[in-house]
Amino acid sequence: MKISELETFDSVKAAQDPVVQEELLNMAWEDGDIPALTHALSVIAKARGMAETANKAGLTRPALYKALSDKGNPSLSSLLGIMKALDIKATFHASTSNAG
């Protein structure tokens, strides 16, 4: 098979799978990388539909694109609204290394 015959990886298409969405978010969260987290949310929002996600999050579509762009820095309220719109829930656990 030639390189030119390979299909280009489409992250948005791959992120239509809920398992992939969960893995994207968990990897970004574990790394503590804000740009990676906003990128993961962007990919998931695109997979589910930006207009619908923006509407559910109480944002305009351009505001959603801006918040989840490479230079975006969404406020906590926007981030929580986007997560709620995407039906994403976060849970927190105390680290056993910090206990005690």
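Residues count as exposed when their relative accessible area is over 50%, as buried when it is under 20%, and as partly exposed in between. The exercises below concern a predicted model.

**Exercise 1. Determine how many helices and strands the protein has, and characterise its overall dimensions and burial.**

Solution.
1. The protein contains 6 helices and 0 strands, and along the sequence the pattern reads α-α-α-α-α-α.
2. Taken along the principal axes, the C-alpha atoms fill a box of roughly 55 × 35 × 25 Å.
3. Of the 100 residues of the protein, 30% are classed as buried.
4. Among contacts with a separation of 6 or more, 47% are accounted for by residues 24 or more positions apart.

**Exercise 2. Identify the salt bridges and state whether their residues are exposed, partly exposed or buried.**

Solution.
1. The criterion is a side-chain nitrogen of Lys or Arg within 4 Å of a carboxyl oxygen of Asp or Glu. Under this rule there are 2 salt bridges.
2. One salt bridge joins the side chains of Glu52 and Lys56, with an N to O distance of 3.1 Å.
3. Both of these residues belong to helix 4 (residues 50-57), where they are 4 residues apart, about one turn of the helix. An α-helix has 3.6 residues a turn, so residues three or four places apart point the same way.
4. Glu52 has a relative accessible area of 45% and is therefore partly exposed. Lys56, at 52% relative accessibility, counts as exposed.
5. Asp87 and Lys89 form a salt bridge through their side chains at 3.3 Å, N to O. Both Asp87 and Lys89 are exposed.
6. Asp87 also has a backbone feature: just after helix 6, this residue takes a positive phi of about 55 degrees.

**Exercise 3. Describe how helix 3 and helix 4 pack, and classify their relative orientation.**

Solution.
1. Two packed helices are described by the angle between their axes and the distance between the axes.
2. For helix 3 and helix 4 the angle is about 110 degrees and the axes are 6 Å apart.
3. Angles of 65 to 115 degrees count as roughly perpendicular, and helix 3 is therefore roughly perpendicular to helix 4.
4. Helix 3 contributes Ser42, Ala45, Lys46 and Arg48 to the contact, and helix 4 contributes Met50, Glu52 and Thr53.

**Exercise 4. Establish which residues of helix 6 are buried, and examine the largest nonpolar core.**

Solution.
1. In helix 6 the buried residues are Ser78, Leu79, Gly81, Ile82, Met83 and Ala85. They pack against helix 3 (34-48), helix 4 and helix 5.
2. The largest nonpolar core comprises 18 residues, and those with the most contacts inside it are Leu25, Leu41, Leu64, Leu68, Ile82, Leu86 and Ile88.
3. At least two residues of this core come from each of helix 2 (18-31), helix 3, helix 4 and helix 6. Helix 3 supplies the largest share, 5 residues.
4. With its neighbours within four places in sequence left aside, Leu86 is in contact with Leu41, Ile44, Ala45, Arg48 and Thr53.

**Exercise 5. Locate Ser69 and describe its accessibility and its side-chain environment.**

Solution.
1. Ser69 lies in the loop between helix 5 (61-67) and helix 6 (76-85).
2. Its relative accessibility is 26%, and Ser69 therefore counts as partly exposed.
3. A polar atom of the Ser69 side chain lies 2.9 Å from the backbone oxygen of Lys66.
4. Ser69 and Gly81 are 12 residues apart along the chain, and their C-alpha atoms are separated by 16 Å.

Technical notes: Residues numbered from 1 in each chain as written. Predicted model: local features only at pLDDT ≥ 70, side-chain atom pairs only at ≥ 80, totals over all residues. Heavy atoms only, no water. Buried < 20%, exposed > 50% of the residue type's maximum accessible area, 1.4 Å probe, protein only. Polar contact = N/O pair within 3.5 Å; in protein donor to acceptor, adjacent residues only side chain to side chain. Contact = heavy atoms within 4.5 Å. Core = buried A, V, L, I, M, F, W, Y, C linked by side-chain atoms within 4.5 Å. Axes fitted to C-alpha atoms, helices over the stretch in contact; angles between N-to-C directions. Parallel < 35°, antiparallel > 145°, perpendicular 65-115°, else oblique.
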